[in-house]
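This report introduces a protein structure to a reader who has not met it before. The sequence and the model are shown first.

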Amino acid sequence: MTNRREFLGRLGSGFGMVALQHLLARDGYGAAGNPLAPKQPPLPAKAKRVIFLFMEGAPSQMDLFDPKPRLQEWHGKSLPASLTKDLKLAFIKPTATILGSPRTFQKYGPQGMDIADLLPHTASIAGDLCFVRSMHSDQFNHHPGQLKLFTGHNQVGRPAMGSWVTYGLGSESQNLPGFVVLSSGSGTSGGSDNFSSGFLPTTYAGTPFRSTGDPILYLKNPEGVDAARQRARLDALRDLNEMRQAVTGDEEISSRIHSYELAFRMQSSAPELLDFSGESQATKEMYGIGQEATNAYGTNCLLARRMIERGVRFVMLMHGSWDHHSSINTGLPKQCRTTDQPAAALIRDLKQRGLLEDTLVVWGGEFGRTPMSEFRRPEDASNAGRDHNPNGYTMWMTGGGIRTGQVIGKTDDFGLNILEDKVDVNDLQATMLHLLGFDHTKLTYRFMGREFRLTDVHGEVVRKLVG
């Protein structure tokens, strides 16, 4: 027998749960909603998606994009203390001797961009690129530097850039994750922190894919489990999760439901993604697929193009091995041979397919390198490398509303500091969000009593970058 108080309590809870489910569905959660459903940005957008070519470890800007002839004059000598007194360096002292660059540079594109001999393929597309020579970060070690680049902060626990973008825009793909991560090289210091959803629901976290075999481990059903049986199990799990969510309103339960459903759909779509049989031989050769030096990175670049064609919102290619504290004159050419041809092929391919116009592509690392030398083995003069330098380095961008064919910013004669058009990491983030249709100060998420954002308390749109 139910008394009057119990009846009213149950009735109130029932109405409350109906209202809660309606609100969750309205915001893209719950059984009736899809947290990755595509959304229109609040402002006019020039970019719909992002490919971030992350060169983990920090490529040397003065050996690739920002020539400094005076390094040759000072090779083997220490700079005056007046030039180095405020330097913060990770491993060497400001008195370390200058390391001249053996690279030769030529000017390419309509504005005469300086590009080193190590990057002939990048040089061939110079007119489609915008070089920012005045990038700046306040972090001079890898892990915090990568966190700052991708999460806007130097501490763990914040959502990554790709998570913010999929949170704001959802995804146009129903059968693949909205945010995908592809890796090559020796790995990253930041690891999964570079693509974590932080305090956002885990639906928005980056999903690492493999370029060979199963794209994701355990994607295939075990022997004896067919699609019908798998579907029945998922239906039962979904019903249980929805019952629990009706009681708790926990957003993570919605994320779990969505992840299970997406994984089921990926069992057929992901293998097709890796099937290059429909790609022409000329396309595969353009990316360097089948060549020892370029095969791995070329495969990832081609996968990135195929992913955005299928509606993936944010693709992050992490290529390690750029941390040249030693043997830079052998290590740097090797990484350029690995990445130059595939990266240029990606830009050409996107352009010829009409995808570059609304695809924002960014190339770069977490910071740059010093003009001074570092010797991990002092007895070996050929072992020279360069230390970390966040005070003025180079990245390039194209597509998605970027004003190409130009160089922004200038560093001093030794590449130690910025002289013109400083672009902080938070400025880069603000500009990317602007191109995607967001005011970076208004794309926020409430957590622990306050509104957080990717740029948090810094960042301005770089108007010179925007076409």
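The sections below go from the chain as a whole to selected elements and contacts.

## Overview

The model described here is predicted. Its chain contains 12 helices and 17 strands. Of the 467 residues, 54% count as buried. The chain exposes about 20,400 Å², and carbon and sulfur atoms supply 52% of that area.

Many contacts reach across the sequence: among those between residues at least 6 apart, 78% join residues at least 24 apart.

## Nonpolar cores

The largest nonpolar core has 51 residues, and Phe52, Met316, Leu360 and Met432 touch the most other members. Helix H12 gives the most to this core, with six residues. Another core, of 50 residues, lies apart from it and includes Leu176, Val180, Tyr297 and Ile308.

Methionine 316 illustrates how such a residue is surrounded. Leaving aside residues up to four places away in sequence, methionine 316 touches Phe52, Phe54, Phe150, Phe179, Val180, Val181, Leu182, Asn194 and Phe195.

## Helix H12

Helix H12 covers residues 425-435, and 10 of its 11 residues are buried, so the helix is largely enclosed by the rest of the structure. Its buried residues include nonpolar ones such as Val425, Leu428 and Met432, and also Asn426, Asp427, Gln429 and Thr431.

The N-terminal end of H12 is capped by aspartate 424, which places a side-chain oxygen 3.1 Å from the backbone nitrogen of asparagine 426. After the helix comes glycine 437, with a positive phi near 100 degrees.

## Strands S9 and S10

Strand S10 spans residues 385-389, and five of its five residues are buried, so this strand too is largely enclosed by the rest of the structure. Strand S9 (residues 368-374) runs antiparallel to S10, and four bridges join the two. In one of these pairings, glycine 368 has asparagine 389 of S10 as its bridge partner.

Strand S9 also takes part in a salt bridge. Arginine 369 pairs with aspartate 323, with 3.1 Å between the closest N and O atoms. Because arginine 369 lies in S9 and aspartate 323 in the loop between strand S7 (314-319) and H11, the pair ties together parts that are 46 residues apart in sequence. Arginine 369 counts as buried, at 0% relative accessibility, whereas aspartate 323 counts as partly exposed, at 31%.

## Further salt bridges

The structure holds 28 salt bridges. One of them joins aspartate 358 to arginine 49, with the closest N and O atoms 2.7 Å apart. This pair links distant parts of the chain, 309 residues apart: aspartate 358 sits in the loop between helix H11 (328-352) and strand S8 (359-364), and arginine 49 in strand S1 (residues 49-55). Which side of the cut-off do the two partners fall on, buried or exposed? A residue is called buried when its relative accessible area is under 20%. Aspartate 358 has 17%, so it is buried, and arginine 49 has 8%, so it is buried as well.

Aspartate 66 and lysine 68 also meet through their side chains in a salt bridge, at 3.4 Å from N to O. Both of these residues are buried.

Note on methods: Residues numbered from 1 in each chain as written. Predicted model: local features only at pLDDT ≥ 70, side-chain atom pairs only at ≥ 80, totals over all residues. Heavy atoms only, no water. Buried < 20%, exposed > 50% of the residue type's maximum accessible area, 1.4 Å probe, protein only. Pairing = 2+ DSSP bridges. Salt bridge = Lys/Arg side-chain N within 4 Å of Asp/Glu carboxyl O. Polar contact = N/O pair within 3.5 Å; in protein donor to acceptor, adjacent residues only side chain to side chain. Core = buried A, V, L, I, M, F, W, Y, C linked by side-chain atoms within 4.5 Å. Contact = heavy atoms within 4.5 Å. Areas by Shrake-Rupley, 256 points an atom, 1.4 Å probe, with all protein chains shown as cover.
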